[in-house]
Amino acid sequence: MKLKRLLIASAVLGVLTLNAQAATVSVSNYPMFLLSEAVTEGTPSANRILQAGDVGHHGSISPSDMKAIKDSKFVVWFGPLLENSLAGSLETAPNAISLFDFKAFNRYPLRDVKGAAIAGTLDPHIWLDPENAKAITRALAVIHSHANPEYTSTYQANVKKFAARMDKEVADIQKQAAQKNRPYWAYHDAYQYIEKATNITLAGSLSPDHHISPKASQLRWLNEHRPSTRMCMINQSVASKGLLAKLQPLETTVQVEDMSASKDFVDGWRMMAQQISQCIS
């Protein structure tokens, strides 16, 4: 509820009261959109700025996207640490709300390829934590309610339903994956926020960025420090067979962190958690 109070306080100060604009909400990327869809079920959807599969690390936005930002009453994004492609348009926009600006959510630092925390950093993939996902829906319900107060009761009921569904999936996956601290590798470390709920632990990653090819020294380090004979590697896309051959015996699973193959956040989270667990078991 702390985040809700902060948003209401912002409204009182005038940050959220742009009454001259249309009562519409835009959200930044696909995971934010899925969470917004959970809140607005049965009511008009928010506008999504970025395409599925584009969390905002790279690229630029179109003139139509810029118009949508300008025409929206509120634009909700995570922040420039994740959505650098939106920073130029949103950092100074009076109708933009960055969730990273609020002192809320479970937050973890980035980790290096050996799994060590990097001081003074933030891993931005916060939506993969079920508690964070629930908190984001609560924040979005407040924002949507400011834009469209006639749907407030629907938004609040949807938030409760989402929380119950999310809690059930976490309980189910923890029953299936009862063993604690199951080790895994990642091509790029993007799954930290799902670890607690799925009882998994990062044992190293190949590269600090999935666009950067791994160094031979890191391949050697992973092989020399493998905690299990057969490892699971989580990839954001299909890795080359030649690369994977250097890490055998190995199971792999492809998991896009924005769940862009899913139409529902809880279903997408469950599928990711189950496939990761099956890969590691």
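In which sense do E5 and strand E7 pair, and over how many bridges? Keep that in mind as you click through this predicted model.

**Colour by confidence.** Start with pLDDT across the protein chain: the mean is 88, and 89% of the residues reach 70 or more. Now select residues 1–5, where pLDDT stays under 50. The model has eight contacts beyond four places in sequence for residues 1–5. Do likewise with residues 8–23, another stretch where pLDDT stays under 50, this one with 27 contacts beyond four places in sequence. Don't linger on the details: where pLDDT is low, the predicted coordinates should not be read in detail.

**Go to strand E5.** Select residues 182–188. This strand is mostly covered, with six of its seven residues buried. Add residues 200–207 and you have strand E6, which runs parallel to E5 and is joined to it by five bridges. To find one of the pairings, show Arg-182 and its bridge partner in E6, Ile-200.

Next bring in residues 231–235, strand E7. Here's the reply to the opening question: E5 and E7 pair in the parallel sense, over two bridges. Show Ala-186 together with Ile-234, its bridge partner in E7.

**Finish at His-125.** Look in the loop between strand E4 (96–98) and helix H5 (130–147). Is His-125 buried or exposed? It counts as buried, because its relative accessibility is 3%, under the 20% cut-off. Turn on side chains and pick out Asp-123: a polar contact of 2.7 Å joins its side chain to that of His-125. Last stop, Tyr-191: this residue is 66 residues from His-125 along the chain, yet their C-alpha atoms are separated by 7.5 Å.

Key. Residues are numbered from 1 along each chain as its sequence is written. This is a predicted model: local features need pLDDT of at least 70, side-chain atom pairs count only at pLDDT 80 or more; totals for chains, interfaces and linings use all residues. Side-chain values use heavy atoms; hydrogens and water are left out. pLDDT is the predictor's confidence in each residue, from 0 to 100. Contact means heavy atoms within 4.5 Å. Buried means under 20% relative accessible area, exposed over 50%, partly exposed in between (1.4 Å probe, protein chains only). Helices (H or I, at least four residues) and strands (E, at least two) are DSSP runs, numbered from the N terminus. Two strands pair if DSSP finds at least two bridges between them. A polar contact is a pair of N or O atoms within 3.5 Å; within protein, one must be able to donate a hydrogen and the other to accept it, and residues adjacent in sequence count only if both atoms are side-chain atoms.
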